[in-house]
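Visitor: I have a structure open and would like to learn how to read its features one at a time. Could you walk me through it?

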Amino acid sequence: MSRRVAVPPGKLPPRNGRALFEYQDKSLALFDVEGVLYVIDDSCPHQGASLCGGRLEGRIIQCCAHGLRFDLTSGYLLNSTVLKVARYPVEREGEAVFILIEAEVAC
């Protein structure tokens, strides 16, 4: 089951920009690439460095710490299907933007 989280308009990145959005215990990086919004965890799966401040080339974000490059559309490290950063679907309803976050199941 997913939780639908509204993003306040002031937290959305400008066109071709980026923004950080904190939700509960998650730090999310939001990227606008040519009007398409992508949302990923702001933590590189390698050693936890922030991805939001990385070098952005099209839909590819490069980690500042070690240069790993991730595809924003899939979350995967380039040329890999093993290492992945969590990504979140986005829904738009008029001017409203929602991030879908999977609910964590307690064991």
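Guide: Gladly. Let us begin with one pair of residues: L20 has A29 in strand 3 as its bridge partner. Please keep in mind that this is a predicted model.

Visitor: How should I read such a pairing, and how many bridges join strand 2 and strand 3?

Guide: The general idea is that strands of a sheet pair through backbone hydrogen bonds, in either a parallel or an antiparallel way. Here, strand 2 and strand 3 are antiparallel and share 6 bridges. They form a hairpin with 2 residues between the strands, where Q24 has a positive phi near 50°.

Visitor: What does strand 3 pair with through L30?

Guide: L30 has V39 in strand 4 as its bridge partner. Strand 3 covers residues 26-33 and strand 4 covers residues 36-41; they run antiparallel, joined by 6 bridges. This is a hairpin too, with 2 residues between the strands, and E34 in its turn has a positive phi of about 55°.

Visitor: In what order do the strands of this sheet come?

Guide: The order is 2-3-4-8, in an open sheet of 4 strands with antiparallel pairing. Strand 2 (18-23) and strand 8 (87-88) are at the edges with a single partner strand each, so each has one side without a neighbour in the sheet.

Visitor: Is strand 3 largely enclosed or left open by the rest of the structure?

Guide: To judge that, look at burial, where a residue counts as buried when its relative accessible area is under 20%. In strand 3, 7 of the 8 residues are buried, so the rest of the structure largely encloses this strand. For the protein, buried residues make up 37% of the 107 residues.

Visitor: Let us step back to the overall fold. How many helices and strands does the protein have?

Guide: There are 0 helices and 10 strands. Along the sequence the pattern reads β-β-β-β-β-β-β-β-β-β. The radius of gyration is 13 Å, close to the 13 Å from the globule rule for 107 residues, so the protein is as compact as a globular protein of that length. Its C-alpha atoms fill a box of roughly 40 × 35 × 20 Å along the principal axes.

Visitor: Which residues does UniProt list for the Rieske domain?

Guide: The unreviewed UniProt entry lists residues 4-99 as "domain: Rieske". In the model, this span is 0% helix and 45% strand, and its end C-alpha atoms lie 6 Å apart.

Visitor: Now the side chains. How many salt bridges does a search of the whole structure find?

Guide: Side chains of opposite charge can pair when their charged atoms come close. The search finds 4 salt bridges here. One of them joins E91 and R4, whose closest N and O atoms are 2.8 Å apart. E91 is in strand 9 (residues 90-93) and R4 in strand 1 (residues 2-7), so the pair ties together parts 87 residues apart in sequence.

Visitor: Are E91 and R4 buried or partly exposed?

Guide: E91 is partly exposed, at a relative accessible area of 30%, and R4 is partly exposed as well, at 38%. R4, E91 and E93 are linked in a network of salt bridges. The charged end of R4 also sits over the ring of F98, 3.9 Å from its centre.

Visitor: What stands opposite F98?

Guide: E91 does, with F98 in strand 10. Strand 9 and strand 10 (residues 96-102) pair antiparallel over 4 bridges. Their hairpin has 2 residues between the strands, and G94 takes a positive phi near 65° there.

Visitor: Which side chain meets E34 in a salt bridge?

Guide: The side chain of R15 does, at 3.7 Å, N to O. E34 is in the loop between strand 3 and strand 4, and R15 in the loop between strand 1 and strand 2, so the pair ties together parts 19 residues apart in sequence. E34 counts as exposed at 54% relative accessibility, and R15 counts as exposed at 54% too.

Visitor: With which residue does R55 form a salt bridge?

Guide: With E57, where the closest N and O atoms are 2.3 Å apart. R55 is exposed, with a relative accessible area of 54%, whereas E57 is partly exposed at 36%.

Visitor: Finally, how many aromatic pairs are found?

Guide: A search of the whole structure finds 0 of them.

Methods
Residues numbered from 1 in each chain as written. Predicted model: local features only at pLDDT ≥ 70, side-chain atom pairs only at ≥ 80, totals over all residues. Heavy atoms only, no water. UniProt positions renumbered as here; feature names shortened; annotations may be inferred. Pairing = 2+ DSSP bridges. Phe/Tyr/Trp six-rings, centres within 6.5 Å; stacked < 30°, edge-to-face > 60°. Lys NZ or Arg CZ within 6 Å of the ring centre and 35° of its normal. Buried < 20%, exposed > 50% of the residue type's maximum accessible area, 1.4 Å probe, protein only. Rg over C-alpha atoms; globule rule 2.2 N^0.38 Å.
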